[in-house]
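Biologist: Let's go through this structure together. I will ask, and you reason each answer out.

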Amino acid sequence: MSDKKIPYKIYLEESEMPTAWYNLRADMKNKPAPLLDPVTHKPMTEADLAPVFCEELIRQELDDTTPYFEIPEEIRNFYKMYRPSPLIRAYCLEEKLGTPAKIYYKFEGNNTSGSHKLNSAIAQAYYAKKQGLKGVTTETGAGQWGTALSMACSYFGLDCKVYMVKGSYELKPFRREVMRTYGASVTPSPSTETEVGRKILAEHPGTSGSLGCAISEAVETATKHEGYRYVLGSVLNQVMLHQSVIGLETKIALDKYGIKPDVIIGCAGGGSNLGGLIAPFMGEKIRGEADYRIIAVEPAACPTLTRGVYAYDYCDTGMVCPLAKMYTLGSSFMPAANHAGGLRYHGMSTSLSQLRADGLMEATSVTQTEVFAAAEEFARVEGILPAPESAHAIKVALDMAKECIKTGEEKTIVFGLTGTGYFDMMSYEKFHNGQMTDYIPTDDDLAVGRKKLPKMD
Ligand SMILES: *Cc1c(COP(=O)(O)O)cnc(C)c1O
């Protein structure tokens with residue numbers, strides 16, 4: 001098929017949208033390691049998780065054999081409000097670069113939350129509602145997840161309590177107000193509302209908080225209040241399952257035009273967008289039906305997959321959550337204060353960690369100044385102002401497309417453009433003013449986090 005017949009935007013009809021999420025774990029030969037109880041180190045059962053998580057979400061979390069989960073009709077209808085998301089052929093960028101590469105990106109920023117997070121937020125809110133709960137608690141860092149969840153909860157009439165990392169709460173008032181617009185209550189973390197918050201404040205007075213700490217607070221609040229459960233926007237298998245809608249739509253769109261990607265690139269924080277984007281492609285790769293290069297991109301300031309260890313670790317600072325076997329920098333790790341590019345979680349999805357350990361997925365890291373430079377280069381041609389997180393994937397896609405100029409290769413590159421960056425203008429400002437610096441942790445810095453890994457026997 002001649003290239004020019006491929007439109008700038010490949011849309012799907014509503015009738016072509018996926019009706020089931022794909023559970024990549026069903027096809028993985030080496031399954032991700034189970035979550036363990038932080039005290040007894042025994043695998044967590046449905047009953048163990050029930051006080052914290054919603055019932056149906058626990059079933060999804062623990063199921064590594066069922067390949068497809070039907071998407072309930074209410075969720076499918078909600079998805080239709082902003083999905084299918086476009087798969088865009090970056091003709092303008094290709095021309096500007098003068099590259100023979102063919103570049104496609106799946107844009108998840110065209111909904112209120114400004115990111116892919118709504119795909120899982122609406123599913124989690126739906127199951128909480130179906131269980132008859134009053135509300136949910138969660139944490140948010142930069143605020144995208146909190147925004148998505150607030151919107152999903154208001155849609156289903158659920159109460160939503162968000163612990164927002166204090167540094168972001170103070171520096172990103174606009175996100176906070178978006179959440180409140182959707183009716184969520186937003187508390188800066190660490191707070192004095194929870195035992196774990198008070199303990200962390202006593203140990204680190206004046207701390208600007210961390211994701212791991214906000215998670216501990218949200219979990220404590222959920223377990224101490226009747227009718228509440230805790231929900232999480234990344235890292236967990238259930239989130240990756242919901243995000244498979246990204247990859248499924250991408251695959252349907254590409255298949256419509258007989259396009260086979262050579263490389264699939266995504267940014268990795270906790271791994272949900274990347275896991276979702278690559279899911280059907282990785283499934284084919286594992287089943288031996290096709291081969292793709294799959295690349296995770298992370299910040300050099302928080303190099304979980306490239307420099308972390310693959311080990312059981314705590315998911316939160318307060319050590320109240322189950323242990324997960326993952327690539328980790330240690331639950332006490334915090335990226336340097338000057339890091340503005342997001343993707344700052346110390347761990348990684350257990351499924352993606354296993355895929356990385358099995359050599360099925362590559363990982364690379366990039367510095368934040370090169371990330372913002374790539375974001376700008378992309379914005380000026382493709383018109384979308386990318387989230388700094390998304391720009392990690394852009395950076396690697398651009399590098400590869402530029403490499404193709406030298407080699408003459410007509411590589412087909414697909415990357416995930418997870419969201420827009422309108423709430424990150426303070427970081428862009430720093431970059432424009434030349435005040436942005438790169439910090440790469442030394443091996444000694446990383447050794448500190450590693451020492452605090454739980455002792456396993
Ligand atoms: C949250 C977020 C990410 C990182 O989360 P993953 O779970 O790794 O996908 C990336 N991009 C945007 C825009 C986000 O909001």
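Biologist: How much space lies in the second largest cavity?

Modeller: This is a predicted model. A search of the whole structure finds four cavities of 30 Å³ or more. For the second largest, the space comes to about 60 Å³.

Biologist: Which helix gives the most to the lining of that second largest cavity?

Modeller: The lining includes Tyr22, Leu24, Asn237, Met240 and Leu241. By type, the lining residues are six nonpolar, three polar and one charged. The top contributor gives three residues and spans 237-256: helix 11.

Biologist: How many residues line the largest cavity?

Modeller: The largest cavity holds about 140 Å³ of space. Its lining divides into twelve nonpolar, two polar and one charged. Leu35, Leu232, Val235, Leu236 and Cys315 lie nearest the centre, and the full lining has 15 residues.

Biologist: Is Glu108, which meets Arg83 in a salt bridge, buried or exposed?

Modeller: The side chains of Arg83 and Glu108 come together at 2.7 Å, N to O. Arg83 sits in the loop between helix 3 and strand 4, and Glu108 in the loop between strand 5 and helix 5, 25 residues apart. Buried means under 20% relative accessible area. Glu108 has 2% relative accessibility, so Glu108 is buried.

Biologist: How many residues apart are Arg83 and Glu249?

Modeller: Their side chains form a salt bridge at 2.8 Å, N to O. Arg83 lies in the loop between helix 3 and strand 4, while Glu249 lies in helix 11; the separation is 166 residues.

Biologist: Which residues are linked with Arg83 in a network of salt bridges?

Modeller: Salt bridges join Arg83 to Glu108 and to Glu249. The network linked with Arg83 also takes in a lysine, giving Glu108, Glu249 and Lys106.

Notes
Residues numbered from 1 in each chain as written. Predicted model: local features only at pLDDT ≥ 70, side-chain atom pairs only at ≥ 80, totals over all residues. Heavy atoms only, no water. 1 Å grid on protein atoms, 1.4 Å probe; cavity = no way out; pocket = protein on both sides within 12 Å on 5 of 7 lines; lining within 4 Å. Points joined across faces, edges and corners; volume = space filled by probe spheres on them. Nonpolar A, V, L, I, M, F, W, Y, C, P; charged D, E, K, R; others polar. Helix = DSSP H or I, 4+ residues; strand = E, 2+ residues; numbered from the N terminus. Salt bridge = Lys/Arg side-chain N within 4 Å of Asp/Glu carboxyl O. Buried < 20%, exposed > 50% of the residue type's maximum accessible area, 1.4 Å probe, protein only.
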